[in-house]
Amino acid sequence: MVLPYWNFAKGVSHFGYASGTARGVAQRARLAVYKLSFKEGTFTSDLIAAMDQAVADGVDMMSFSFGSRFVPMYEDAISIASFGAMMQGVLVSASAGNRGLDTGTLKNGSPWILCVASGHTDGHLQEL
């Protein structure tokens, strides 16, 4: 199958380095963005509505860097809404959190969420 020419960007570079033609892995992918946090605050109902709307719109995956304080999974809006998305075949990827190594610092740790974290090498961590 020959892909249409508009899936490729010719003559690209990173400040003159690595010049060539750019193309994405998922060349037919589309991006959908849903607002769930407002200047008045971030409310559970907005989070659930955004995730439900994304599922209704037919997205294949959701990715968000958002978490709440530790609460049991049956009270966690992210856990509940992402379970509903997973049941509809939508992959949900979410941040693990940025609070360090202490117990209870993992956010979005439900087994149906692809939990993503960053790592680093640090002298303090090497002592552990």
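Contact here means heavy atoms within 4.5 Å. By that yardstick S82 touches M51, V92, W112 and I113, leaving aside residues up to four places away in sequence. Keep in mind that this is a predicted model. S82 makes a handy way in, and the notes below work outwards from this serine to the helices, the strands and an aromatic pair.

**S82 and its surroundings**
- S82 is found in helix α2, which spans residues 77-87.
- Is S82 buried or exposed? Its relative accessibility comes out at 0%, so S82 counts as buried; the cut-off for that label is under 20%.
- A polar atom of the S82 side chain lies 2.7 Å from the backbone oxygen of I78.
- The side chains of S82 and W112 are joined by a polar contact of 3.1 Å.
- One of the residues that S82 touches is M51, which is a buried residue of helix α1.
- V92 and I113, both touched by S82, stand opposite each other in the pairing of β6 with β7.

**The aromatic pair**
- Searching the whole structure turns up one aromatic pair.
- The partners are F83 and W112, arranged edge-to-face with 4.9 Å centre to centre and 75° between the planes.
- F83 sits in helix α2 while W112 sits in the loop between β6 and β7, so the pair ties together parts that are 29 residues apart in sequence.
- F83 is partly exposed, at 36% relative accessible area.
- W112 is partly exposed too, at 24%.

**Helix α1**
- Helix α1 covers residues 44-56, which makes 13 residues, and its span from first C-alpha to last is 18 Å, close to the 18 Å expected at 1.5 Å a residue.
- Which residues of α1 are buried? They are L47, A50, M51 and A54.
- These residues cover an arc of only 90° around the axis, which puts them on the same side of α1.
- That fits a simple rule: an α-helix has 3.6 residues a turn, so residues three or four places apart point the same way.
- The cover over the buried residues of α1 includes β5 (61-64), α2 and β6 (91-95).
- On the face turned away from the buried side, α1 carries the exposed residues S45 and A56.
- Just after α1, G58 adopts a positive phi of about 90°.

**Parallel strands: β5, β6 and β7**
- β6 is mostly covered, with four of its five residues buried.
- β5 pairs with β6 in the parallel sense, over four bridges.
- In that pairing, S63 stands opposite S93 of β6.
- β6 also runs parallel to β7 (residues 113-116), and four bridges join them.

**The β1-β2 hairpin**
- β1 (residues 8-14) and β2 run antiparallel and are joined by four bridges.
- V12 stands opposite G20 of β2.
- The hairpin has two residues between the strands, and F15 takes a positive phi near 55° there.
- Why does β2 lie largely in the open? Of the seven residues in this strand (residues 17-23), the number buried is zero, so β2 is left largely in the open.
- β6, by contrast, is mostly covered.

Notes:
Residues are numbered from 1 along each chain as its sequence is written. This is a predicted model: local features need pLDDT of at least 70, side-chain atom pairs count only at pLDDT 80 or more; totals for chains, interfaces and linings use all residues. Side-chain values use heavy atoms; hydrogens and water are left out. Buried means under 20% relative accessible area, exposed over 50%, partly exposed in between (1.4 Å probe, protein chains only). Two strands pair if DSSP finds at least two bridges between them. The expected span of a helix is 1.5 Å times one less than its number of residues. The arc is that of the directions from the helix axis to the C-beta atoms. A polar contact is a pair of N or O atoms within 3.5 Å; within protein, one must be able to donate a hydrogen and the other to accept it, and residues adjacent in sequence count only if both atoms are side-chain atoms. Rings of Phe, Tyr and Trp (its six-membered ring) pair if their centres lie within 6.5 Å; planes under 30 degrees apart count as stacked, over 60 as edge-to-face and the rest as tilted.
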